[in-house]
Amino acid sequence: MIRLRSLMLTVSATGMLGACIVEAPSPPPRVIYRQAPVVVRQPPPPPVIIEQPPPPPREHPYWAWQPGHWRWDGARWVWMRGHYVERAGY
């Protein structure tokens, strides 16, 4: 009797488990790649450098001092030191 009961339980449990429906896994979420926005970078603040212009060259006493400035070299901002330039009209 015990054998029959355990056999019936085993058969009925196997039948119940066989009736379970296994759902297929859902597909992975769709990934959309977007182009990053263009960021315009402002030049960094000038370095704390006190440019004391040297005296103008002897052969060009009327040249003017042009202070340093930031310049974009195509990849980054670069500090250009000050220098003497010829005045217009001289």
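## A buried tyrosine and its aromatic partner

Let's start with one side chain in this predicted model: tyrosine 84 is buried, with a relative accessible area of 18%. That value falls under the 20% cut-off, which is why the residue is classed as buried.

Tyrosine 84 does not sit alone. Its ring pairs with that of tryptophan 65 in an edge-to-face arrangement, with 5.1 Å from centre to centre and 70 degrees between the planes. The two partners come from distant parts of the chain, 19 residues apart: tryptophan 65 belongs to strand E1 (residues 64-66), and tyrosine 84 to strand E4 (residues 83-85). Tryptophan 65 has a relative accessibility of 27%, so this residue counts as partly exposed.

## A pair of tryptophans

The structure holds three aromatic pairs, and another one is worth a visit while you have the model open. Tryptophan 70 and tryptophan 79 have ring centres 5.4 Å apart, and their planes meet at 70 degrees, so this pair is edge-to-face as well. The angle is over 60 degrees, which is what the edge-to-face label requires.

How accessible are the two tryptophans? Tryptophan 70 is partly exposed at 23% relative accessibility, and tryptophan 79 is also partly exposed, with a relative accessible area of 24%.

## The E2-E3 hairpin

Now for the backbone. Strand E2 covers residues 69-72 and strand E3 covers residues 77-80; the two run antiparallel and are joined by four bridges. If you would like a landmark for lining them up, find histidine 69, which stands opposite methionine 80 in E3.

E2 and E3 make up a hairpin, with four residues between the strands. In the turn, look for glycine 74, whose phi is positive at about 100 degrees.

## The chain as a whole

Stepping back, the protein chain has one helix and four strands. Along the sequence they follow the pattern α-β-β-β-β, with the helix ahead of the strands.

How much of the chain is buried? Of its 90 residues, 3% count as buried, and tyrosine 84 is one of the buried residues. The protein chain exposes about 9,200 Å², and carbon and sulfur atoms supply 63% of that area.

Finally, a word on contacts. Among those in the protein chain with a separation of 6 or more, 38% are between residues 24 or more positions apart.

How values were computed:
Residues numbered from 1 in each chain as written. Predicted model: local features only at pLDDT ≥ 70, side-chain atom pairs only at ≥ 80, totals over all residues. Heavy atoms only, no water. Phe/Tyr/Trp six-rings, centres within 6.5 Å; stacked < 30°, edge-to-face > 60°. Buried < 20%, exposed > 50% of the residue type's maximum accessible area, 1.4 Å probe, protein only. Pairing = 2+ DSSP bridges. Contact = heavy atoms within 4.5 Å. Areas by Shrake-Rupley, 256 points an atom, 1.4 Å probe, with all protein chains shown as cover.
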